[in-house]
Amino acid sequence: MVSKAEKMKTIFKNMFSLKADVASHEEIRERLLQGGKITGTNMCVLICAMVIASVGLNVSSTAVIIGAMLISPLMGSILAMAYGLVTNDLKLWRNHAVGFGMQIVISLATSTLYFLLSPLKEATPELLARTSPTFFDVLIATAGGIAGIIGQTRQGQYNSIIPGVAIATALMPPICTCGYSIANANWKMLGGAAYLFIVNAYFIFLASAVILVVLKTPKVRQLTEKEWKKLRFKMIRNTLIILIPSIILAYFMIKGK
């Protein structure tokens with residue numbers, strides 16, 4: 001006879017199971033790689049999103065900024081990079097990393113051009129809010145990455161989660177703030193905004209990779225023990241390098257209140 005404790009354990013296990021309604025590995029691969037494609041359509045949408053976000057930051061309009069985040073295609077590239085890493089497909093990872101780099105360059109160029117031409121030069125509260133990243137931003141990005149990859153790996157219902165993730169992780173405003181900083185030669189502001197973007201992008205990437213590992217995503221090839229140790233060391237090192245400054249900034253932020 002099954003005890004109540006075992007029944008409760010089974011119920012909770014089923015409630016939080018990621019494998020109950022997971023899509024097939026082929027479907028997951030197709031979704032993630034399709035979302036990470038760099039096409040003419042995606043690039044045009046990206047430029048439009050950057051202009052909308054830049055205007056929103058420039059006039060301090062939260063609603064406009066949210067609208068830009070909803071149409072931004074940046075999230076797809078990060079999830080595709082995570083898939084390439086987990087499957088040990090280095091060629092795939094490099095291709096999407098290069099594509100993501102191109103998106104960043106185009107985003108920076110668009111926002112910088114906008115702020116060079118804009119008659120409004122004063123840093124608004126919305127711009128300043130993207131210049132002091134802390135550990136709380138790490139938590140937001142991690143939760144957003146988990147929600148995003150879980151949404152993309154479900155059977156036929158993933159689209160409803162992505163807009164919320166785009167709002168929560170806010171990849172667009174930090175890049176726009178970088179563009180504002182470049183246009184106005186404010187290098188201190190540029191450092192804070194660039195760090196916030198790195199924090200968001202990296203922890204979305206890391207959280208997505210962890211969930212794909214949990215789902216036992218098939219690998220192109222198995223890593224040797226030496227290769228695995230090397231990869232693990234790099235991931236731990238990179239995480240600490242990005243994480244430690246945010247903890248220090250959060251400490252000073254709390255202490256200052």
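Which residues in H8 meet which residues in H11? Keep in mind that we're looking at a predicted model here. On the H8 side, the list runs Asp-137, Val-138, Ala-141, Thr-142, Gly-145, Ile-146, Ile-149 and Ile-150. Facing them from H11 are Leu-196, Val-199, Asn-200, Phe-203, Ile-204, Ala-207, Ser-208, Ile-211 and Leu-212. Sort the contact of H8 with H11 by class and you get 12 nonpolar, 4 polar and 1 charged residues.

Now for the geometry of that pair. Two packed helices are described by the angle between their axes and the distance between the axes. H8 covers residues 135-152, and its axis sits 7 Å from that of H11, at an angle of about 40°. An angle of about 40° falls outside the range under 35 degrees that counts as roughly parallel, so H8 and H11 are oblique to each other. As for handedness, the H8 and H11 crossing is right-handed.

Next, let's turn to H3, residues 40-58, which packs against H4, residues 62-71. Here the axes come within 8 Å and cross at roughly 165°. Since angles over 145 degrees count as roughly antiparallel, H3 and H4 are therefore roughly antiparallel to each other. This crossing is left-handed. H3 brings Val-45, Ala-49, Ile-52, Ala-53, Gly-56 and Leu-57 to the contact, while H4 brings Val-64, Ile-65, Ala-68 and Ile-71. By class, that makes 9 nonpolar residues, 1 polar and no charged ones.

H3 has another partner to look at: H10, residues 172-183. Their axes are 9 Å apart and the angle is about 75°, so H3 and H10 are roughly perpendicular to each other. From H3, the residues in this contact are Leu-46, Ala-49, Met-50, Ala-53, Ser-54 and Leu-57. They meet Met-172, Pro-173, Ile-175, Cys-176 and Thr-177 in H10. The class count for H3 with H10 is 9 nonpolar, 2 polar and no charged residues. Ala-49, Ala-53 and Leu-57 of H3 appear in the contact with H4 and also in the one with H10.

That leaves the empty space. Rolling a probe the size of a water molecule over the atoms shows where empty space is left. The largest pocket has a volume of about 670 Å³. Its lining takes in 24 residues, with Leu-85, Trp-93, Phe-205, Leu-231 and Met-235 lying nearest the centre. The elements giving two or more residues to this lining are H5 (74-86), H6 (90-117), H11 (187-214) and H12 (225-256). H12 supplies the largest share, 8 residues. By class, the lining of the largest pocket has 16 nonpolar, 2 polar and 6 charged residues. H11, then, helps line this pocket and also packs against H8.

Note on methods: Residues numbered from 1 in each chain as written. Predicted model: local features only at pLDDT ≥ 70, side-chain atom pairs only at ≥ 80, totals over all residues. Heavy atoms only, no water. 1 Å grid on protein atoms, 1.4 Å probe; cavity = no way out; pocket = protein on both sides within 12 Å on 5 of 7 lines; lining within 4 Å. Points joined across faces, edges and corners; volume = space filled by probe spheres on them. Helix = DSSP H or I, 4+ residues; strand = E, 2+ residues; numbered from the N terminus. Nonpolar A, V, L, I, M, F, W, Y, C, P; charged D, E, K, R; others polar. Axes fitted to C-alpha atoms, helices over the stretch in contact; angles between N-to-C directions. Parallel < 35°, antiparallel > 145°, perpendicular 65-115°, else oblique. Left-handed = near helix turned anticlockwise from the far one by under 90°. Contact = heavy atoms within 4.5 Å.
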